[in-house]
Every structure is written in structure tokens, then in C-alpha cells.
Amino acid sequence: EAVTGAQLIAQALRAQNIEYMFGIVGIPVTEIAIAAQAVGIKYVGMRNEQSACYAASAVGYLTGRPGVCLVVSGPGFLHALGGMANATINCWPLIVIGGSSDRNQETMGAFQEFPQVEAGRLYNKLSVRPSSLEVIPAVIEKAVRTSMYGRPGCCYIDIPGDFVNLQVNKSSVKYMECCLPPPISMAEHSAVSKAASVIALSKQPLLIIGKGSAAYSHAENNIRKLVELCGLPFLPTPMAKGVVPDNHPNCVAAARSTALQHADVIILLGARLNWILHFGLPPRYRQDVKVIQIDICAEELGNNVRPAAALLGDIKAVTEQLLEEFNKRSWKYPSNSEWWQKLKGKIKNNEERSKGLALQKSLPMNYYTVFHHIRELVPKDCILVSEGANTMDIGRTMLPNFYPRQRLDAGTFGTMGVGLGFAIAAAMVARDHTPGRRVVCIEGDSAFGFSGMEVETICRYNLPIMIIVVNNNGIYTGLDANSWEEMLKFGDPTTCVPPVSLLPNAHYEKIMSAFGGKGYFVKTPEELQNALKASVADKQTPSLINVMIDPQSERKKQEFPWLTRSNL
């Protein structure tokens with residue numbers, strides 16, 4: 001019995017328990033998408049390869065099993081590179097399958113010919129082209145396994161165009177069983193004992209939770225037990241919000257700067273000392289801070305800061321080891337310490353400042369007012385997707401998460417344009433695994449522009465995603481309509497309009513209306529409340545709420561901004 005290359009690819013993916021494929025079809029990959037549907041893989045046709053790649057990677061984060069991104073040769077492959085890099089730097093499993101030139105046309109200037117395997121090596125854990133149809137299942141099994149094992153990331157499989165419809169006898173194919181789950185490694189007992197001793201001697205400890213803890217190890221129960229057994233203050237990194245609920249009494253996210261700057265012992269649970277955590281260096285941290293690093297990747301241990309203890313292993317397994325150690329020691333950090341009083345004082349002060357901004361009555365609204373109403377009205381168990389500059393940063397502090405793996409944002413790579421792809425993936429996974437759970441995608445107007453056409457995808461598949469565009473007419477800051485008109489009097493906008501400006505009062509909600517969803521244009525808190533209530537109540541229809549805010553509204557002044565800011 002004969003089987004085509006497209007059928008082999010689809011069957012091999014299904015054998016590896018792949019559920020979702022996102023992409024844009026064309027020569028030579030259309031038949032692969034059709035074959036995938038025939039074996040029960042859900043195919044979502046997107047409007048841009050970058051968004052397709054972002055969506056497939058988010059599936060990997062949410063489910064622990066990679067999604068697949070399917071792209072055409074040349075430009076299609078190149079458009080997906082952003083998603084590949086984002087997945088690998090975020091440590092999310094992803095498979096990208098790209099069509100390429102027919103083998104007999106290589107080096108001849110074939111249609112969309114490009115050295116895809118070589119180019120893919122910079123962005124992927126594995127970049128490979130099967131040598132024959134017979135080995136396709138083995139190559140796909142290796143790619144899926146590699147994407148998940150160790151530190152997860154993207155793997156690229158290149159498929160020559162002539163392979164797609166070429167046939168081979170089934171009896172000659174090397175079929176593969178589903179790869180085993182990733183092996184679970186544990187830290188050395190001596191390292192666990194040393195870490196526990198350092199923690200027990202600390203005067204001002206801080207536990208930092210990374211998204212690796214949330215996504216891959218499903219370590220939320222162990223981490224919560226550790227927090228409560230030892231009485232430790234904890235700080236989640238942005239996408240680790242909800243591993244332990246944000247409303248837990250030990251959460252010190254509202255005193256982030258103080259916690260980082262004054263902690264004498266920091267326990268890093270799967271978090272990296274990169275730009276998000278200011279590299280672990282002064283003046284953001286104490287000169288004498290002791291860092292305990294727990295990570296699945298050996299190369300990460302000792303990066304930027306020499307650790308006082310290094311625990312190599314799976315976060316869930318290592319936190320289990322720490323729990324056993326502290327159960328033997330019966331140590332608990334005192335809740336009446338000066339450190340706790342300092343942190344609680346700072347939390348109270350920061351929350352009062354944010355509340356004051358949120359309750360301002362002036363129009364146009366500011367960010368804090370908008371997020372106050374969103375927090376009050378969106379479901380507590382919704383999946384929050386967020387991107388933008390101020391929109392994402394302020395939303396991170398204003399919108400709590402109560403459950404793990406339910407916040408997706410620009411991530412380690414700081415990638416803008418991920419929002420709608422992530423939201424589509426989250427809505428697909430929610431529909432299949434947690435029916436009724438809503439996806440709320442909160443975007444800056446600039447961020448929305450990167451992938452706004454995916455609104456059509458959302459409506460085509462009838463995904464009841466709530467998109468909220470926080471619209472300040474610009475990147476970071478914008479101009480109001482009057483200032484814009486005055487600016488245009490000076491001449492050509494290419495030479496006189498500030499580079500951060502976007503068109504004032506753009507009606508993004510009409511994009512949603514154009515495709516059959518519901519659009520709302522709001523300027524006041526009352527209009528925002530009404531739009532939010534209507535969108536939450538309608539569980540069948542996608543919606544977009546375009547919220548106009550003060551173009552000069554900004555984040556409250558930070559002592560230590562994440563990045564060096566330019567002087568605009």
C-alpha cells in the first residue's frame with residue numbers, strides 16, 4: 001500500500017500526540033494541512049506566518065506538547081523566524097515545518113529557494129531535512145522529543161516540495177511510537193542541604209518564581225507548600241503570576257523594587273538572571289546577595305552571578321526535595337521580622353498610589369483607571385494575554401492572576417506582535433480542555449497593529465476572545481487630535497510628526513465589526529463598564545473594546561525602570 005509524503009508527515013505528527021497546527025498554506029505545503037485534518041489534527045489558518053508561529057509556540061507552553069507551525073518556502077519560512085526565536089528564547093516547545101524547493105532544482109534559482117536548514121540553525125534546537133520519505137516519522141519523533149527535553153525550544157523540519165506528493169510503500173517506512181515524556185532529574189542531596197542551610201540563615205529572604213516552574217514542571221502545589229511551610233516572601237516573574245495566586249499573603253509583587261534591592265538571599269525557581277531581573281547585579285541588588293539557583297539547564301547555573309548553591313534539576317522534583325529537607329529541619333521564617341514589616345509597608349504605599357490613580361475622574365482616562373474596571377469585571381479564571389509597553393507593564397501590576405499558566409505576554413524576548421496569536425492558541429486550548437474559560441487579550445494600540453488582521457481569524461473560527469485595545473494614539477505616548485492637526489501645519493508628517501505618534505482616535509473596533517464580531521468605542525468609565533459587561537455576558541461572539549485614554553498617560557515613576565529609557 002502506497003502513502004504520500006504529506007500523509008506520512010500527518011500520521012507521524014498524530015503518533016506524537018500533536019493536536020494543533022497553525023499556518024498559511026500555499027505551494028508546496030497545502031496537501032500537508034489537508035492530510036493533518038484527515039488524521040484529526042486541528043488546523044488553524046492564520047493571516048501571517050509570524051502570528052501562526054506565535055500561536056503554535058503558545059500551545060507548547062499551555063499544554064507541554066508542541067504545536068506545529070506550517071509555512072511555505074522562502075518568505076514564508078523567513079516570516080516564521082521571529083516565532084522560532086521567540087519560542088527558543090522563551091523555552092517553549094515548538095515544531096515548524098517548512099516547504100522548500102524541489103531537490104532536483106537546488107542551486108538553480110528555484111521558486112522561493114533559500115538555505116532554510118542552515119538559516120534555521122541559529123533559531124532552533126534542531127534544524128533538519130529528512131533524507132527520504134521512509135525516515136520522516138523518525139525525524140518527526142526526534143524533533144518533538146528534542147523540543148521538549150532539557151530546556152524546551154523550537155525544532156525545524158524542512159520538507160522538499162517534491163516529497164509532498166511523492167509516494168512510498170508503507171512497508172518500507174520506519175514508523176515510530178510516541179516519544180516518552182521528558183525524564184525528570186533531581187538535584188544532588190548535598191546541594192539541596194546547602195541551599196536549605198543558606199535559606200535558614202537568611203535575614204531577608206526572597207523566592208523568585210519563573211515561568212519555567214509554571215509551564216513545564218506543573219510545580220504549583222509544591223511551590224505553594226514551600227512558601228507556606230517556610231513563610232517565604234515570593235515574587236513571580238511576569239508569566240509566572242498565578243503559580244501561587246497573586247492574592248496570597250506572601251506575594252510581594254507590589255514591593256518588587258524593594259524586595260529585589262534589599263534581599264540577602266534569593267531563591268531562583270526556574271527564573272533567569274537576565275534583563276527582566278536586572279542580571280542580578282548592583283545597584284538593583286545588594287553587593288553581598290546570596291543566590292540559590294534552581295534550573296533544568298546546567299549552562300544557566302552561574303550566569304551573571306556566582307550562586308551560593310546550584311541545584312540542577314526539574315523544578316517540581318527539586319522543590320519536593322527542598323520540602324523534605326525543611327520538614328526535617330522544622331524551620332520557618334518569622335512573620336514578625338523587620339523584613340516583612342518593610343515589605344508590607346512598601347506594598348501598602350504602592351497600592352495606595354495605584355488606587356489613587358485608578359480612581360481619578362478626569363477625562364481622558366489613564367491606564368490605571370482602565371485596568372481598575374477591567375479587574376473588576378473580567379472573569380477571575382480568564383486567560384490573560386497582554387502586550388504593549390505601558391499597557392503590559394501597568395497591566396502586570398494591576399491585573400492579578402490566580403491560576404498557573406494563565407498569563408501570556410511579550411516574554412523573555414520582549415516580542416511585540418505576539419498577542420493575537422497567543423490569544424487564538426489559548427482560545428483553542430481552552431475550548432478543548434477547559435470549556436467556558438474566557439480569553440482576554442489586552443493590547444496597546446501599537447502592539448495591536450502588528451497582528452490586527454488576525455481578528456478575521458478569530459471571527460472565522462468563532463473564538464469568543466475579548467480584545468481590549470488601550471489606545472493612546474502612539475508608541476509609549478501619542479498626540480491628541482488637536483495637537484495632531486497643529487503638527488500637520490508644519491509640513492510633511494514624515495519630517496515633523498514625532499516617530500512615536502500614531503493616527504489619533506483610530507477606530508480599531510471597526511475591524512472587529514467588519515468580520516462579524518462586536519466592536520465598542522469607549523471614552524468614559526461608564527462606557528467601558530457597559531462594554532466589558534456586554535462582552536463578558538456574550539460567550540459566543542468575539543469582541544473588541546477600543547478604549548481611548550490620555551495620550552500622555554504613563555506609568556507611575558519607577559526608581560529602577562526595566563530598561564534605560566530614552567529622553568523623549
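**Helix packing, aromatic pairs and backbone oddities**

Pro364 sits in the loop between helix 13 and helix 14, with helices (H or I, at least four residues) and strands (E, at least two) taken as DSSP runs and numbered from the N terminus. The peptide bond that joins Leu363 to Pro364 is cis, with omega at about -5°. The model is a predicted one, so local features need pLDDT of at least 70 and side-chain atom pairs count only at pLDDT 80 or more, while totals for chains, interfaces and linings use all residues. Residues are numbered from 1 along each chain as its sequence is written, and side-chain values use heavy atoms, with hydrogens and water left out.

On either side of that loop, the helices pack against each other. The axes of helix 13 (residues 338–358) and helix 14 come within 7 Å and cross at roughly 95°; axes here are lines fitted to C-alpha atoms, for helices over the stretch in contact, and angles run from 0 to 180 degrees between N-to-C directions. That angle makes helix 13 roughly perpendicular to helix 14 (under 35 degrees counts as roughly parallel, over 145 as roughly antiparallel, 65 to 115 as roughly perpendicular and the rest as oblique). Ser354, Leu357 and Ala358 of helix 13 touch Tyr368, Thr369 and His372 of helix 14, contact meaning heavy atoms within 4.5 Å. By class, that is three nonpolar, three polar and no charged residues, where Ala, Val, Leu, Ile, Met, Phe, Trp, Tyr, Cys and Pro count as nonpolar, Asp, Glu, Lys and Arg as charged, and the others, Gly among them, as polar.

Helix 14 (residues 367–377) also meets helix 15 (residues 390–398), their axes coming within 10 Å and crossing at roughly 50°. This puts helix 14 oblique to helix 15. The crossing is right-handed (the near helix is turned clockwise from the far one by less than a right angle; anticlockwise would be left-handed). Helix 14 brings Tyr367, Tyr368, Phe371, His372 and Arg375 to the contact, and helix 15 brings Asn390, Thr391, Ile394, Gly395 and Met398. Five of these residues are nonpolar, four polar and one charged. Helix 15 is largely enclosed by the rest of the structure, because eight of its nine residues are buried, buried being under 20% relative accessible area, exposed over 50% and partly exposed in between (1.4 Å probe, protein chains only). Among the buried ones are Asp393 and Arg396.

Back towards the start of the chain, helix 3 and helix 4 have axes that come within 7 Å and cross at roughly 35°. This crossing, too, is right-handed. From helix 3, Glu49, Gln50, Cys53, Tyr54 and Ser57 meet Gly76, His79, Ala80, Gly82, Gly83, Met84, Asn86 and Ala87 of helix 4. The tally here is five nonpolar, seven polar and one charged.

As for aromatics, the structure holds eight pairs, with rings of Phe, Tyr and Trp (its six-membered ring) pairing if their centres lie within 6.5 Å, and planes under 30 degrees apart counted as stacked, over 60 as edge-to-face and the rest as tilted. Tyr54 and Phe422 have ring centres 6.4 Å apart and planes at 80°, so they form an edge-to-face pair. This pair links distant parts of the chain, with Tyr54 in helix 3 (residues 49–63) and Phe422 in helix 16 (residues 419–433), 368 residues apart. Tyr54 and Phe422 are both buried. A tilted pair is made by Phe77 and Phe114, since their ring centres are 6.3 Å apart and their planes at 45°. Phe77 is buried at 0% relative accessibility, whereas Phe114 is partly exposed at 33%. Tyr54 and Phe422 also belong to one aromatic cluster with Tyr61 and Trp92.

Val72, in the loop between strand 4 (67–71) and helix 4, is buried at 11% relative accessibility. Leaving aside neighbours within four places in sequence, the contacts of Val72 include Ile27, Glu49 and Phe77. The C-alpha atoms of Val72 and Ile27 lie 6.4 Å apart, with their positions 45 residues apart along the chain.

A few more backbone quirks turn up. Pro282 and Pro283 are joined by a cis peptide bond with omega of about 5°. Cys91 is not a glycine, yet has a positive phi of about 65°; Cys91 is buried, at 13% relative accessible area. Asn17, also not a glycine, has a positive phi of about 60° and is partly exposed at 44%.
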